[in-house]
Amino acid sequence: MKKTIYLISFLTITNIYAQVGINTENPRGVLHVDGSKNNPVSGNPSDAQQKDDFIILPSGNVGIGTTLPTRKLEINSGGTIAAPVDGFKLVDGRQAKNKALVSDENGSAHWEYIALKSYKGQIGNGFDLFLNSANYNFNSSNLSTGFYGTTSYIDLAPGNWQINISLLLAYDNNAAATTLTRDDWFWTRVTLTDTEVLTSGSGPYTPTADLEGSKFLSNIFNGPAPLGAAPKYAMINGSLMISNTGSATKRYFMIVGGVSKSAASLPGRIRNIGGLWGENVISAFAVQ
């Protein structure tokens with residue numbers, strides 16, 4: 001008989017200490033504080049009654065203003081779209097207007113002004129694109145032809161990116177007897193591939209399927225151009241959009257070509273295209 005009484009007493013005490021209620025006889029978690037002591041004696045409190053509550057669930061989730069937190073910390077300030085109410089304040093000495101809460105590599109958070117961070121690619125080796133070759137001709141129905149590799153690249157983590165490219169076009173006639181006339185022109189394109197480029201000038205390569213929207217950046221180069229080794233210059237500038245939907249960082253190589261021209265064969269070359277010119281840049285910004 002005594003053993004039965006002890007067992008009942010133990011179970012009763014265990015049940016009492018399983019949930020602790022402060023200002024409430026109806027705790028809904030391991031620890032439940034009803035700030036205004038306005039919760040019902042049974043059942044769940046209403047949304048309005050929860051607004052002054054603090055709770056810790058057996059899962060370890062903590063709720064402020066809610067008795068059913070679905071995250072390790074959930075705060076319901078009671079604000080609405082029409083009348084928002086701040087639910088969080090951190091005074092760490094670095095707080096200031098228009099700062100955002102950011103974390104370090106360990107997840108420790110602090111206030112900081114947000115700057116748009118640029119990720120820079122690497123400019124490698126280019127190649128000489130000869131305008132009398134059909135290899136570089138643009139074929140809109142078959143993009144696996146016409147584009148050849150440079151060893152210039154940029155590494156991008158999973159996510160959406162705006163890629164900014166500046167590409168110098170340096171034309172010379174490669175010591176030929178003829179050069180571009182004023183009626184001659186050629187249109188050159190640049191894009192990106194996620195196929196590894198080991199050797200500059202190798203190819204052809206297909207543009208990556210990760211491109212969204214425009215697949216190319218391009219510019220027209222008009223004659224005339226001088227004879228001899230003195231180049232005539234033009235630039236390709238613009239942005240491409242990349243969506244890396246994978247789970248790992250990918251390397252995207254610059255490929256150039258896709259040439260449309262005023263004649264099947266033109267004299268001269270674009271010298272070291274995609275290579276180490278001071279004007280050549282690949283950079284990226286993360287976008288939503």
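Trainee: How many bridges pair strand β12 with strand β16?
Mentor: Bear in mind that this is a predicted model, where local features need pLDDT of at least 70, side-chain atom pairs count only at pLDDT 80 or more, and totals for chains, interfaces and linings use all residues. Residues are numbered from 1 along each chain as its sequence is written, and side-chain values use heavy atoms, with hydrogens and water left out. Strands are DSSP runs of E, at least two residues, numbered from the N terminus, and two of them pair if DSSP finds at least two bridges between them. Here β12 (185-193) and β16 (250-261) run antiparallel, and F186 sits opposite K261 in β16, within a pairing of seven bridges.

Trainee: Which strands stand at the edges of that open four-stranded sheet?
Mentor: Read across it and the order is β10-β16-β12-β14, with antiparallel pairing. The edge strands have a single partner each, so one side of each lacks a neighbour in the sheet; they are β10 (147-156) and β14 (217-222).

Trainee: And what does the twist average from one strand to the next?
Mentor: Axes are lines fitted to C-alpha atoms, and angles run from 0 to 180 degrees between N-to-C directions. Going from one strand to the next in this sheet, the average is 25°.

Trainee: Which strand gives the most residues to the largest nonpolar core?
Mentor: A nonpolar core is a set of buried Ala, Val, Leu, Ile, Met, Phe, Trp, Tyr and Cys residues joined through side-chain atoms within 4.5 Å. The largest has 34 residues, with I163, I165, L167 and F186 making the most contacts inside it. Six of its residues come from the top contributor, β11 (159-172).

Trainee: Which residue in the turn of the β6-β7 hairpin has a positive phi?
Mentor: Strands β6 (100-103) and β7 (109-112) are antiparallel and joined by four bridges, one partnership being S103 with A109 in β7. Five residues lie between the two strands, and the one with a phi of about 90° is G107.

Trainee: Is F127 buried or exposed?
Mentor: F127 belongs to strand β9 (127-130). Setting aside neighbours within four places in sequence, its contacts (heavy atoms within 4.5 Å) include Y136, Y148, V256 and I273. Buried means under 20% relative accessible area, exposed over 50% and partly exposed in between, with a 1.4 Å probe and protein chains only. At 8% relative accessibility, F127 is therefore buried.
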